[in-house]
Amino acid sequence: MFKEVGRNVPRVDGYALVRGKPVFTDDIDLKDMLFIKFLRSPHPHAIIKSIDTSQAEKMEGVALVLSYENAPRVPHTTAGQGYPEPSPYDTVMFDRKVRFVGDRVACVAATSPEVAEEATKKLSVEYEVLPPVFDPEWAMRDGAPIIHDEKDSQGILDPQHNLVGEVEVKVGSLEKGFKEADVILERRYEVHYAQHTPIEPHIVITWLDENGRLVIRSATQVPFHTRRICANVLGIPIQRIRVVKPRIGGGFGVKQEVYLDYVAGWITLQTGRPAKIELTREEEFISRTRHPIITLLKAGAKRDGTLTALDMRILSNTGAYGSHATTVMYNTGSKVLPLYRCPNVRFQGRVVYTNLPVAGAYRGYGATQGYFATESMLDELAEEIGMDPVELRKEVHIKEGETSPIFQALGEGREGISQVISSCKLPQCIEEGLKLIGWKKKPKEEGRMSRGYGCAIMMQGSGIPAIDMGAALIKMNEDGSFNLLVGATDLGTGSDTILAQIAAEALKVPTKKIIVYSSDTDLTPFDVGAYASSTTYISGGAVLKTAERVLEEIIRIGGEMLNEAEGELIAKDAQVISKRTGRSVTYEEIAKNSLYERDQHQIIGSMSHISSQSPPPFAAHFVELLVDRGTGKVKVERYVACVDCGTPINPKLAEGQVEGSIINGISYALTEQFIFDKNGRMMNASFQDYKIFSAMDIPELKVVLIPSHEPSGPFGAKSVGEVNINGPCPAIANAIWDAIGIRFRETPFTPERILRALTLGGSSGART
Amino acid sequence: MKVYSPETIEETTKILGKLKGNVHLLAGGTDLVVKVKEGTVLPENLINIRKLPLDYIKEEGNQLRIGALTSIETIHRSKPIRTYAPILSDAAGKMGSPQIRNLATIGGNIANASPAADTVPPLFVLNAQIVLKDQKGSRVIPIEKFFSGPGENVMRRDEILMEITFRKCAQSDEWFFSKLGQRKALAISKVSLAFRGKVNQNRLTDVSIALGAVAPTVIYAQRTARFLESKTFDSALIDEASRIIQEEASPISDIRSTSEYRRRMVGALLKQGLWELKAGVSPD
C-alpha cells in the first residue's frame with residue numbers, strides 16, 4: 001500500500017499562504033518602478049487615424065507612451081500553447097486597428113499608477129469608426145465587416161468571412177444511423193460568455209537583472225511558453241529572458257494567456273526600469289473569457305436506448321482575437337463525443353471572429369459547452385423513447401476496455417490518437433450518485449415550489465497526448481532531504497504538494513523531506529505548464545520517473561556501503577536494507593558518503609515525460625433542486641458528484657478541485673452573464689453586477705471519489721481539475737425540466753427567463 | 001479634497017454652514033467610498049461625522065429613537081428593535097454582508113436615497129420621521145417626504161441627518177419584509193416589499209405596504225393597502241391584491257433585472273407573504 005500517496009498531506013505552501021508571507025507576484029516592491037496603464041478603445045471596431053501623445057508625455061512622472069507608432073509589430077498568438085502554436089498569429093502588441101470595446105489603444109508607463117491613469121486620459125486619439133459585427137452567424141456572411149484584414153496575420157482560415165478555423169470529421173454513416181433510429185431529435189443549444197474571475201487578477205512585474213537579462217515575474221500558468229512568446233515579440237533571444245512564477249491566486253485558464261508580459265518587458269527594455277502591470281477587476285472581465293458556443297445537435301436512438309447517430313455542428317465565437325480558437329473548437333467534439341457509444345457520428349466545427357471580448361482557455365475548454373448540448377439531448381431522447389434518463393446513460397456511455405473512433409479522428413487542433421479506455425468507474429459513480437441523491441424520492445410539489453432531479457455524466461482528458469511534456473529534477477542533500485525542481489505550475493491547485501507526494505512515495509521518504517521549487521525558467525526543467533488537466537498525470541509522471549532513477553542511484557551506493565549486490569537490497573523508510581542480513585544504511589549516511597567520502601558526486605536525476613494517451617477522468621453528477629413558480633428562482637438543494645480520477649494522490653486537494661468546479665459551474669448555470677450594450681461594451685464588469693456564487697449560496701455538496709487504477713498514470717492517477725465543470729449546466733437544465741416540464745436550451749437559467757417561460761408555457765431560449 | 005473630522009454636532013453644522021463647493025458626509029462609507037473610488041463622486045469637501053455622538057437606540061414612552069450613526073448590525077441585533085419594530089430588525093439582517101452591516105449606518109442608508117435601500121420600506125410602514133439639523137435648529141420630515149428621486153433627498157446642503165423616530169409597534173401587528181436579489185448575500189435588491197397590518201376576525205386593518213426598487217423612490221402601495229382592508233381576507237382578495245399592486249409599481253429595466261420581472265415580483269412577494277400570514281402555508 002501507499003505511504004505518502006492517497007494521504008491528505010498538508011499543502012507545502014499552506015503555512016506561508018495563511019500567514020500572509022510575501023508569496024504573490026505583487027508582494028515585491030522595486031526601486032524606480034514604473035506603473036503601466038492602458039488606454040482602451042471606446043469603439044467596437046475602428047481605425048486609429050492619429051494619436052497625439054504630447055500632452056501625456058509632458059506630464060511629470062511619465063516615462064514612456066507606447067502605441068502602434070512606436071511598439072514593435074510582431075504578429076503572434078497570445079495563447080500559451082506548445083510550439084508550433086495551433087492558434088492564429090493575429091495579434092500585435094499595439095495595432096492601428098481596434099476590434100472590441102476595451103481593446104488596447106496605447107499604454108503609459110509612469111512613476112505611479114495614478115499618474116499613468118491620468119496620462120492615458122490626456123492621449124488624444126482620432127478614430128475612423130467602422131461597422132461592427134456581434135452575431136457569430138452574421139459574421140460569416142458575405143458583406144459582413146471584416147475584422148482581421150491586416151496583411152501580416154497568419155493562420156486565419158478565411159479572414160474575408162471572419163472564419164478562424166473549421167473542422168469536419170465523420171465516423172460511420174449518418175444516413176444509415178438515422179435510418180436505423182426509432183426517434184430522431186434535432187435541437188439548438190446555446191451557452192454564454194463567462195469570466196474566470198480569479199481572486200488575483202493578471203499581474204506582471206519585469207526588471208533587468210545585474211547582467212542585463214530581462215526577468216519577468218508573472219502570475220502565469222505557462223512560464224516556459226511566456227518566455228518563448230515574449231522572446232519572439234520583443235525580438236530578443238530566449239537566453240536573455242527569465243520567467244519566474246510565484247504563488248498564484250487562481251488561473252482557471254485565463255492565465256494561459258501571454259499578452260501583458262511583453263508589454264511590461266518592452267517598457268523595461270526601453271527604460272531600463274522595473275515595470276508593473278496589474279489589471280483592475282473591470283479590465284480582468286474583458287481580458288479573456290469562455291467561448292460562447294451555439295450547438296446544433298441531431299441525434300437518433302432506438303427504443304431500447306441504443307444511440308444510432310450523432311450529428312454535432314458547433315459555431316464558436318472567439319471574439320476579436322483567435323486565442324485558443326481552433327483548439328477549443330476541436331475539444332468540444334474530442335472531449336465529449338467519445339463518451340457515447342455511437343457508431344455513426346459527424347462533428348463539424350466553425351469558429352469566428354466578432355467585435356466582442358476575446359475568448360480563451362477556460363476550465364473545461366470547449367467540453368463544458370459541448371456537454372450542455374449532449375447531456376441535455378440525452379434527457380430529451382430519454383423522454384421521447386420513454387426511458388429513465390439514468391438508465392439511458394448507463395446504456396450509452398463508454399466502458400473500460402472499449403475505444404471510440406473519435407479519439408483517432410479528433411485531437412486538439414489536429415487529428416487525434418487512438419486509445420483504449422483502461423480505467424473507467426463511471427458505472428460505480430452512477431450507482432453511488434443515485435443512492436446518495438435519493439433519486440426522485442421526495443414529493444414533486446411543495447407549496448409553490450416544484451422539485452426536480454437531474455443528472456449528467458462527463459469526461460475530460462489528462463494532458464494532450466504526444467504533445468504535453470513535463471520534466472523534473474531531483475537532487476539529494478546530505479541530511480537525506482531532496483530538492484524537487486519542476487517546471488510544473490501550481491496556480492493554487494496544490495500541484496507542488498501532489499508532486500512532492502509522488503516523489504516521496506517513490507523515494508520511500510516522508511513528504512516533508514521534499515523541498516519543492518517550481519516554475520522558474522532559469523532553475524527548473526521545462527514543463528508546458530498548467531493546462532489541459534495535465535499536471536498530476538504528465539508532470540507527475542516525470543517526477544515519478546526521476547524519483548525512480550534517483551532511488552536506483554541511492555540503492556546502488558547503499559549496496560556498495562553494505563557490500564551487497566543490488567538485487568539483495570530494498571529501500572524503505574529512508575534506508576537501504578539488505579534483505580539477506582537485515583543490515584541497513586540511512587539515506588543520510590548514503591548522501592554524506594556520496595558527497596564527502598568515496599567516489600564523490602551529487603546524487604541527482606532528471607527525467608522527462610510525455611504520454612501517448614490522455615486517459616479521461618469520469619464523473620456522474622446528480623442534482624436536486626426546487627423551482628419557485630412564483631419568482632422563477634432555482635434553489636439548488638443538494639448536489640452530488642461521484643468522480644473517477646484514478647488514484648487521488650491527495651484526496652482533500654482532489655475534492656477541493658471537484659467542489660471548486662461545481663460551484664464554478666452552478667454559478668455559470670444560474671447567475672453569471674455578460675451583459676452588452678449596443679456597442680458590445682460589457683455593462684456589468686464588476687463583482688457588484690456580475691454575480692459569482694458566494695459562500696452563502698453554496699448548496700449542500702457531496703463529493704465522492706471512486707478510485708480506479710489508471711495503468712499509465714503515476715501510482716494510477718488521472719486528472720481532476722477540469723472534468724467537473726462540465727456537469728452543472730446540463731444537470732440543472734435536466735432537473736428544471738423534471739421540476740416544471742420546461743426545457744431550457746440556452747444558459748444561464750435566470751429567474752427572469754424561467755418566469756417568462758412559465759407564463760408562456762413550453763420551451764424557452766433556443767428554438768427547437 | 002479637504003477632510004474635516006468634527007467631534008460635536010455644533011461644530012459639524014458650523015462647518016456645513018460655511019463651506020463652499022460640494023460637501024459629502026462620511027458615515028459608514030459603504031456607498032460613498034465606492035463612488036469616490038469609481039470616480040462618480042469627487043468630493044471637494046469631505047466631513048467625517050463618525051466621531052459624532054449619534055450611535056444610539058433609545059426608548060422614550062411609546063417612541064423609538066435611532067441615532068443616524070447606528071450600524072445596521074446593531075439595529076439587526078437590538079432587543080428594543082426586535083421587540084417593537086421587528087420588521088426593521090429583519091430587513092437590517094438581510095442587508096449586504098456581515099462586513100457591510102458592521103460599517104453601514106442607518107442614516108447613510110436613508111440619506112444615500114437609493115430606491116433599493118433595504119431599511120427604507122420598513123421605515124415607511126413604521127411611519128418613521130427623519131430629524132434634520134442645521135446651525136439654526138431642527139426640522140422633522142416624514143420619511144415618505146424625504147426622497148425626491150433616485151439618489152436625491154430634500155436635505156439642504158447645510159443640514160445633517162440626526163435621527164430616525166417612530167412609534168413602537170403593537171404585539172398584535174402582523175408584518176413581513178421580502179426581497180429578491182441575484183444571490184443570497186451582497187446583492188442589491190431587484191425588488192423589496194414591506195407589509196404591516198392587523199388581522200381582525202378575518203379582515204385586514206391598518207394595512208401599510210411599501211415597495212423598494214420599483215420606482216424612482218421607495219413608495220407606498222396605497223391602493224393595494226386600501227383594497228386589502230375592504231373585503232374578507234381570503235384567496236380571492238390575495239389574488240386581486242397581487243394584481244393591483246403590480247399596477248402601482250413603475251419599475252425600470254437595468255442590468256440587474258427587467259421591468260416586467262420586477263413588476264410581477266411585486267405581486268409574487270405580496271402573494272407569498274399574505275399566504276404565509278394567512279395560513280402559514282403557501283398557495284396551490
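1. Start with helix 6 of chain A, residues 223–234, in this predicted model. Helix 6 lies across strand 10 (214–218) and strand 11 of chain A. Its direction makes an angle of about 145° with strand 11 of chain A.

2. Strand 11 belongs to an open sheet in chain A. The sheet has 7 strands, and their order is 3-5-1-12-9-10-11. The pairing is mixed. Strand 11 (241–244) is an edge strand, and so is strand 3 (62–67) of chain A. Each of these two pairs on one side only. On average, neighbouring strands of the sheet are turned by 20° against each other, direction ignored.

3. Now the edge at strand 3. Strands of a sheet pair through backbone hydrogen bonds, either parallel or antiparallel. Strand 3 of chain A pairs with strand 5 (residues 104–110) of chain A in the antiparallel sense. The pairing runs over 5 bridges. For a landmark, look at A:L64, which stands opposite A:A109 in strand 5 of chain A.

4. Helix 3 of chain A, residues 113–121, also lies across strands. These are strand 1 (34–40), strand 3 and strand 5 of chain A. Helix 3 runs at about 25° to strand 1 of chain A.

5. Last, the contact between the chains. Chain B gives 21 residues and chain A gives 17 residues. On the side of chain B that touches chain A, helix 12 (residues 259–279) of chain B supplies the largest share, 6 residues. That side of chain B divides into 10 nonpolar, 5 polar and 6 charged residues.

Notes:
Residues numbered from 1 in each chain as written. Chains lettered and ligands numbered in written order. Predicted model: local features only at pLDDT ≥ 70, side-chain atom pairs only at ≥ 80, totals over all residues. Pairing = 2+ DSSP bridges. Helix = DSSP H or I, 4+ residues; strand = E, 2+ residues; numbered from the N terminus. Axes fitted to C-alpha atoms, helices over the stretch in contact; angles between N-to-C directions. Contact = placed C-beta atoms within 7 Å. Nonpolar A, V, L, I, M, F, W, Y, C, P; charged D, E, K, R; others polar.
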